[in-house]
Amino acid sequence: MNEFALLLAATLSAGTVLAIAGLGLLINERAGVLNLGAEGMMLVAAIAGFATSVHTGNDWIAFAAGAGAGALMAAAFGVLVIWLNTNQYATGLALSLFGAGFSAFVGIRYTQEKLAERPKFEIPGLADIPFVGPAFFKHHPMVYLTIALMLALAWFLYRSRAGLVLRAVGESPESAHALGYPVRRIRLLAVMAGGALCGLAGAYLSVIYTPLWVEGMTAGKGWIALALTTFATWRPARVLMGAYLFVGVTMLQFHLQGEGVQLPSQLLTALPYLATIVVLVLISRNPAWIRANMPASIGKPFFPGS
């Protein structure tokens, strides 16, 4: 039971990275913008957050730096695709490639840096409960803030007027424009908000989860976060569950390797990605279901007055 509690704890901690990034990309896509640059934004934010933590010793300032770096890159992407009408797919891929190269260049001097020992967090009283305490109540506050973020985003999208406007922009920007809403500004704000969350995910990865800087340390997590939005059919709660499901499979393969399971290590390492592919294939078997949930104007440019 203790090993199972540790497995759950590792799943919650590692799943936070994917959950935050997935929620950010969900905001983008709900506004009708597809950003394939999540991997690059997360890498730049990871080095920005790590460098800030090295120089200030304050994790929360590091999170702010990571979020700011992600928002800045997303703003550049937004200007290109929303105002200059560049192709969203090509621009997103370019952003991802730029982020990978730029973070590797900037991070050269930080590869040998080490952060101070991270403080231990636990909720007094609850952390001492057998099994439940180690599994759920000894995490960094960002884990709990991620769950709160999911709830807040769900409320925003489905219970607030601003969320209704955002969804309308993603479904029919022409109709939203006809009603007088500034579609392009709304999309830019949504892209920047999504970029800030991707940046926060990258900073959490390098400052709390690892904590260190290694070139390419996201290891495809940005692409997995993109897949999560489709897996979740663009619903915040399902993004959170999908993130924990994927990471749970990842943690399970580590556990199996530790238990000496006689399977090729390459197969165990590939299990999470195979699980993602299988889930996406199963979802894709019902195109009508995806079309019913997918924002109608996702990936489509909008030209005011056309």
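What share of the contacts in the protein with a separation of 6 or more comes from residues 24 or more positions apart? In this predicted model, the figure comes out at 79%. That makes a handy starting point for going through the fold, from the overall layout down to single residues.

The element list is easy to remember: 13 helices and zero strands. Read from the N terminus on, the protein is therefore written as α-α-α-α-α-α-α-α-α-α-α-α-α. With a radius of gyration of 20 Å, against the 19 Å that the globule rule gives for 306 residues, the protein is as compact as a globular protein of that length. The C-alpha trace spans about 60 × 45 × 40 Å along its principal axes. As for burial, 48% of the 306 residues in the protein are buried.

Helix H2 is a good one to look at up close. It takes in residues 38-56, and at 1.5 Å a residue its 19 residues should span 27 Å; the C-alpha atoms at its ends turn out to be 26 Å apart, so expectation and model agree. H2 is also mostly covered, with 15 of its 19 residues buried. Right behind the helix comes glycine 57, and its phi is positive, near 75°.

Positive phi also turns up at two residues that are not glycine. One is alanine 219, with a phi of about 50°. Alanine 219 sits in the loop between H9 and helix H10 (221-231). Its relative accessible area is 45%, and because that value falls between the 20% and 50% cut-offs, alanine 219 counts as partly exposed. The other is threonine 233, where phi is positive at about 45°. Threonine 233 belongs to the loop between H10 and helix H11 (236-258), and takes up its positive phi just after H10 ends. How much of threonine 233 is accessible, in relative terms? A mere 1%, which is under the 20% limit and therefore makes threonine 233 buried. Helix H10 itself, which lies between the two loops, has its own set of buried residues: Gly222, Ile224, Ala225, Leu226, Ala227, Leu228 and Thr229.

Now for the empty space. The largest pocket has a volume of about 360 Å³. It is lined by 13 residues, and the closest to its centre are Pro119, Lys120, Phe121, Lys138 and His140. By element, helix H9 (residues 183-209) provides the largest share of that lining, with three residues. By class, the pocket lining is a mix of six nonpolar, three polar and four charged residues.

Closed-off space is a shorter story. Searching the whole structure for cavities of 30 Å³ or more gives one hit. The largest cavity has a volume of about 40 Å³, and its lining is made up of Val81, Ile82, Gln88, Arg184, Arg187, Pro301 and Phe302. Helix H3 (59-83) and H9 are the elements that each give two or more residues to this lining. Sorted by class, the cavity lining comes to four nonpolar, one polar and two charged residues. Helix H9 thus has a part in the lining of the largest pocket as well as in that of the largest cavity.

Helix H9 is also home to alanine 193. Its relative accessible area of 33% lies above the 20% limit for buried and below the 50% needed for exposed, so alanine 193 is partly exposed. Along the sequence, alanine 193 is 125 residues away from glycine 68, yet in space their C-alpha atoms are 9.9 Å apart.

A second pairing of this kind involves leucine 271 of helix H12 (residues 265-284). Its C-alpha atom is separated by 9.4 Å from that of phenylalanine 246, and the two residues are 25 positions apart along the chain. Which residues does leucine 271 touch, leaving aside its neighbours within four places in sequence? The contacts are with Val249 and Gln253. With a relative accessibility of 30%, leucine 271 is over the 20% limit for burial but short of the 50% for exposure, so it counts as partly exposed.

How values were computed. Residues are numbered from 1 along each chain as its sequence is written. This is a predicted model: local features need pLDDT of at least 70, side-chain atom pairs count only at pLDDT 80 or more; totals for chains, interfaces and linings use all residues. Side-chain values use heavy atoms; hydrogens and water are left out. Helices (H or I, at least four residues) and strands (E, at least two) are DSSP runs, numbered from the N terminus. The expected span of a helix is 1.5 Å times one less than its number of residues. Buried means under 20% relative accessible area, exposed over 50%, partly exposed in between (1.4 Å probe, protein chains only). On a 1 Å grid over the protein atoms alone, a cavity is a set of points where a 1.4 Å probe fits but cannot get out, and a pocket is an open set with protein on both sides within 12 Å along at least five of seven lines; lining residues have an atom within 4 Å of a point. Grid points are joined across faces, edges and corners, and a volume is the space filled by probe spheres set on the points. Ala, Val, Leu, Ile, Met, Phe, Trp, Tyr, Cys and Pro count as nonpolar, Asp, Glu, Lys and Arg as charged, and the others, Gly among them, as polar. The radius of gyration is taken over C-alpha atoms; the globule rule is 2.2 Å times the number of residues to the power 0.38. Contact means heavy atoms within 4.5 Å.
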